[in-house]
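Student: I'd like to practise reading chain contacts, helix packing and odd backbone angles. Could we go through them one by one?

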Amino acid sequence: MNFYAIKAIYVFEMSRTLRTLIQSIASPVISTVLYFIVFGSAIGSRMEDISSVSYGSFIVPGLILLTVCLQSISNASFSIYFPKFIGSINELLSAPVSYLELVIGFISAAVTKSMTIGLIILITASFLVDIEIKHPIWMVCILFLSCVSFSLMGFIVGIWARSFEQITIIPDLIITPLVFLGGSFYSITLLPDFWQKVTLFNPVVYLISGFRWAFFGNADVYIGYSILAILAFTFACVFIIWLIFKTGYRIKS
Amino acid sequence: MKRNIIQIERLSKTYKDGTVALENINLNITDGEIIALLGPNGAGKTTLISAICGITNISSGNVSVAGYDVIDDYKKTRALIGLVPQEIALQPFEKVIDVVKYSRNLFGCANNDMHIEKILKRLLLWDKKDKRIVELSGGMKRRVIIAKALSHEPKILFLDEPTAGVDVDLRFDMWELIKKLRADGTTIILTTHYIEEAEEIADRISIIDNGKIQLTENKSELIKRLGKKVINIKLDQEIDIKVFNGDFDLSQSPDKTSISMRYTDAKKDNTLDKLLTRIKKEKYKILHIETDEKSLEEIFLDVVGK
């Protein structure tokens, strides 16, 4: 293993984050706090409890995941797209670095950043609403796996993208609607039967349900299915990345 | 007898759209030499370098570096190679010293502040080490990509058009640097458009055109074998070159008081001596003689058929 290279990529990516600290961490935190103020305190105070959980607390897991998923994709996609855009990817391709080492370097930086943002939002939320975490270890595990899988997906998006515009297409047009419709602000049991069944085709439902189970001990879908869905998504992303590097798709002529 | 540090056998590269960039390339590069790859735009020089360094996939053939295959043992081969790319591709907001250290680590080496300092000083970048890339001039950025390529102390250095678009001072600096690196034992493979660059620093010349190697030869032997020289002779009066009955490859100046002769090897056929004897015999006085030697450029143009 070329540990020097993994560390170099990681440190390089993290220094970019630290250099743009406000843009990297403060803005997602501020926007999430605004969600809490509007949905949690202002509107939430007039909403009924869901499964004995106040509405303000109920939306915490969904909001964390919304931000974490979008941040993971945007961090990882930008980190690999930018070297492609300026041409410095050739240095990575000509270095004695395996594809696995490259992915570990980039993904671990994207995961660190997203996890940090997720935990900051959780701490911020704990000042605004009552939060009790019934399964803290599972909470961290599901958060970590979400960061890893969506960072891997972001990496794929970054390699696929041919322009900065394309980097934003997947998070804006696919992930945001899936997270919103995946029960981040409501329990899917509140939906009519037909739409409940349709919603089960949305993979993000399993993610949010599993994460909410870690917080409150109850879930829209069985926790085992949630874990399976997250693992399946992670392995699918790993497989696609393996294919990309094997064929050199859009990185190697 | 020095060993071959790079061996290229039947290397071909065809792009997905059917463009043949390299066709059946065979080339051995000796340890410690400077070899210049000359060729017009699109000849395949950069593709050849990219194939050896791992930037582009090889369609067929084999390339080995220090006895290791560039695909099967890519980690070993790439660790030996430093690449100065044609395009300046640098992260614009990073500091000079950070991007150079990054390259060293990427190539599997632990930090070595003394070595990085030595390189930055050698490239006149030490006082700019804390500047961001975006603040540097084009010439300075080119020095940075050379510093990056040298950061991990490579045994082999590829320089893809290193002096394209740089001023004369920097070009001379680069040539000096390349000579010093060779003296330290580094093998250097250089692509260039500037024929005088190859003439100045290379030990061997390889001319590439249309994805094929047209010739590879020791520079001085090549010039001796194929190079043509020109002698210009100023006379005391007008002369009509018809008096020589077409015995020499002659041309005349507009005022008809100077003649020029192209010749290849004066020792071999005594052409020069014969011409001077004939001039004396025709009762002309020679006022001035000068020689001109654009040999490699002429060879290059002859080979690529331009």
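Tutor: Sure, and keep in mind that this is a predicted model. Start with where the chains meet: 20 residues of chain A are in contact with 25 residues of chain B.

Student: Which helices of chain A each supply at least two residues of the side that touches chain B?

Tutor: Those are α1 (3-19) and α4 (89-94) of chain A. The biggest giver is α1(A), with 6 residues. By residue type, the side of chain A that touches chain B has 9 nonpolar, 7 polar and 4 charged residues.

Student: Now helix packing. How do I read the meeting of α1(A) and α3 (residues 96-106) of chain B?

Tutor: Take the distance between the axes and then the angle. Here the axes come within 7 Å and cross at roughly 150°. An angle over 145 degrees counts as roughly antiparallel, so that is how α1(A) and α3(B) lie to each other.

Student: Which residues meet there?

Tutor: From α1(A) you have A:Tyr4, A:Ala5, A:Lys7, A:Ala8 and A:Phe12, and they meet B:Tyr102, B:Asn105 and B:Leu106 in α3(B). The contact of α1(A) with α3(B) comes to 6 nonpolar, 1 polar and 1 charged.

Student: And inside chain A, what is the geometry between α1(A) and helix α5 (residues 99-128)?

Tutor: Same recipe. The axes of α1(A) and α5 of chain A come within 8 Å, crossing at roughly 30°. The crossing is right-handed. On the α1(A) side, the contact residues include A:Ile6, A:Ile9 and A:Met14, while α5(A) brings, among others, A:Ile104, A:Phe106 and A:Ala109. This contact divides into 8 nonpolar, 4 polar and 3 charged residues.

Student: Last topic: what sign of phi do most residues other than glycine have?

Tutor: Most of them have a negative phi. That makes a positive value a good thing to look for. B:Leu124 is not a glycine, yet its phi is positive, about 60°. You'll find B:Leu124 in the loop between α4 (113-122) and α5 (138-150) of chain B.

Student: How many other C-beta atoms lie within 10 Å of B:Leu124?

Tutor: There are 13, and B:Leu124 is partly exposed.

Student: Where is B:Glu153 found, and what is its phi?

Tutor: B:Glu153 is in the loop between α5 and β7 (156-160) of chain B. Its phi is near 55°, again a positive value in a residue other than glycine. B:Glu153 is partly exposed too, with 16 other C-beta atoms within 10 Å.

Note on methods: Residues numbered from 1 in each chain as written. Chains lettered and ligands numbered in written order. Predicted model: local features only at pLDDT ≥ 70, side-chain atom pairs only at ≥ 80, totals over all residues. Contact = placed C-beta atoms within 7 Å. Helix = DSSP H or I, 4+ residues; strand = E, 2+ residues; numbered from the N terminus. Nonpolar A, V, L, I, M, F, W, Y, C, P; charged D, E, K, R; others polar. Axes fitted to C-alpha atoms, helices over the stretch in contact; angles between N-to-C directions. Left-handed = near helix turned anticlockwise from the far one by under 90°. Parallel < 35°, antiparallel > 145°, perpendicular 65-115°, else oblique. Buried ≥ 20, exposed ≤ 12 C-beta atoms within 10 Å, placed from the backbone.
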